[in-house]
Amino acid sequence: MRLGDVANEGACSYGKPLDGVRVLAAEQMQALPYATQLLARLGAEVVKVEHPEHGESGRGASPAMIDPHGRKVGATFLRNNFNKRSVGIDLKAPEGRELFLALVPHFDVVAENFKAGTMDRMGLGYETIAAAHPRAIYLSISGFGNAIETPYRDWPAYASIVEAMSGIYDYKAPDGPPVTIPVGALGDISSALFGVIGVLAALRHRDRTGEGQYVDIAMLDAMLAMTDVVTNFWSLGVRPEPGKQLEVICEGFRASDGYVVTQIVREHQFFKLAELIGRPEWKDDPRFATRAGWGPAFESEIRPAVEAWAATRTKLQAAQELTAAGIAAGPSNHASDVIDDPHVAARAMLVEMERTDDIAEPILVPGNPVKMSKVAEGPETRVPWVGEHTDDVLTAELGLGADAIEHLRSAGVVT
């Protein structure tokens, strides 16, 4: 899918569920930008407020491309900022703060993801916003939350920090150093999803009561929810131990061109595997009568047998045969496999954005995973350049003339 394309075009006449919802976002990096991008994909209008000179910190990420003005645009920014307008305002300047507060009553949602307490120190915390606009929904995403006192409230946080503190790293590698960020920015995107849920619930609450409210998302809370197995299994007496295998088979097996992953959690699934790979005698082996016997024989007998079978098959062929036999399986894909995957294409799950620095290969950004029968996807618009829409927004929302905007620009308050 390319920028400007539309999927599920027959649903265009319905509009989008968040049409008319307006979001003013003082945001950076990934957690909040992903949330507001998803809101925008569902129809919300998002105005992004960022530093007037260098923009938000995600623009400085690597790898990067160069924008038409010769500035770096990093990968973190590129994949989280479709369908937004950018206004460059220095929120630390008194005039910048006043501009932001003047914009607030024009929006339904005010959102920020600075370190806890930052917006309060700038005079833009929830109480101030609520006083200016009582119906406003204020979304805050931070490492450890703002609304409830916690020992970590003042700590800065990235995804890897809250992932580590959730216990999942130690759970997966109890006998060695943690493998950090094993699945990309799980700590960011999980927080973003809970943020979107909170905003949608608050909008529904406002429809009923007429009142706005504070939606406070802590990244660590989101990770505790995503890694529920850590504390739940511990409470049930399971202790992670080096080399100890749970009573399931959830493993990657080497095939001719990579690995196929399968998950077997019931005895009847194991017996189907035995039949498929030519080891029917396992069905009568008392060691394998229950799943408790899989772990002790896994490396010595089960893995070698499965990999001998898979060696004559590609990872995709192995997955196809396993699934045909009623066993959950899938190939462990490389990036190139994902890009060429027919499922990904059919569901428009990669969006191409042309580069602006004379490199032919487009930027690929994940599409919208929320598929709805009466909501069309797209057309998407590219990420904004720093302050690209400052004049338009300040003129349309606040009625500022060219002279007033130029005064602010010359003072470094806007760009």
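What share of the 415 residues of the protein chain counts as buried? In this predicted model, 45% of them do.

**Figure 1. Overview of the protein chain in the predicted model.** The secondary structure comprises 17 helices and 13 strands. Along its principal axes, the C-alpha trace spans about 85 × 50 × 40 Å. Contacts are counted here at a separation of 6 or more, and 69% of them link residues 24 or more positions apart. The protein chain exposes about 20,100 Å². Carbon and sulfur atoms supply 55% of that area.

**Figure 2. Close-up of the second largest pocket, with a volume of about 530 Å³.** The lining consists of 28 residues. Closest to the pocket centre are M29, A157, Y158, A159 and D188. Two elements each give two or more residues to the lining: strand β7 (137-142) and helix α6 (159-165). By residue class, the lining divides into 14 nonpolar, ten polar and four charged residues. A water-sized probe rolled over the atoms shows where empty space is left.

**Figure 3. Close-up of R41 in helix α1.** The helix covers residues 31-41. R41 has a relative accessible area of 7%. The cut-off for buried is under 20%, so R41 counts as buried. The R41 side chain makes a polar contact of 3.0 Å with the side chain of E380. Which residues does R41 touch, not counting those up to four places away in sequence? They are K16, F82, N83, V351, V365, P366, G367, N368 and E380. E380 therefore appears twice in this view: as a residue that R41 touches, and as the partner in the side-chain polar contact, a pair of N or O atoms within 3.5 Å.

**Figure 4. Close-up of L273 in helix α11.** This helix runs over residues 267-276. Is L273 buried or exposed? L273 is buried, because its relative accessible area is 2% and the cut-off is under 20%. Setting aside neighbours within four places in sequence, L273 is in contact with I264, V306, L322 and I327. The view also pairs L273 with I327 by distance. In sequence, 54 residues separate the two. In space, their C-alpha atoms lie 7.3 Å apart. I327 is also one of the residues in contact with L273, where contact means heavy atoms within 4.5 Å.

Note on methods:
Residues are numbered from 1 along each chain as its sequence is written. This is a predicted model: local features need pLDDT of at least 70, side-chain atom pairs count only at pLDDT 80 or more; totals for chains, interfaces and linings use all residues. Side-chain values use heavy atoms; hydrogens and water are left out. On a 1 Å grid over the protein atoms alone, a cavity is a set of points where a 1.4 Å probe fits but cannot get out, and a pocket is an open set with protein on both sides within 12 Å along at least five of seven lines; lining residues have an atom within 4 Å of a point. Grid points are joined across faces, edges and corners, and a volume is the space filled by probe spheres set on the points. Helices (H or I, at least four residues) and strands (E, at least two) are DSSP runs, numbered from the N terminus. Ala, Val, Leu, Ile, Met, Phe, Trp, Tyr, Cys and Pro count as nonpolar, Asp, Glu, Lys and Arg as charged, and the others, Gly among them, as polar. Buried means under 20% relative accessible area, exposed over 50%, partly exposed in between (1.4 Å probe, protein chains only). Accessible areas come from the Shrake-Rupley method with a 1.4 Å probe; for residues, only the protein chains shown count as cover. A polar contact is a pair of N or O atoms within 3.5 Å; within protein, one must be able to donate a hydrogen and the other to accept it, and residues adjacent in sequence count only if both atoms are side-chain atoms.
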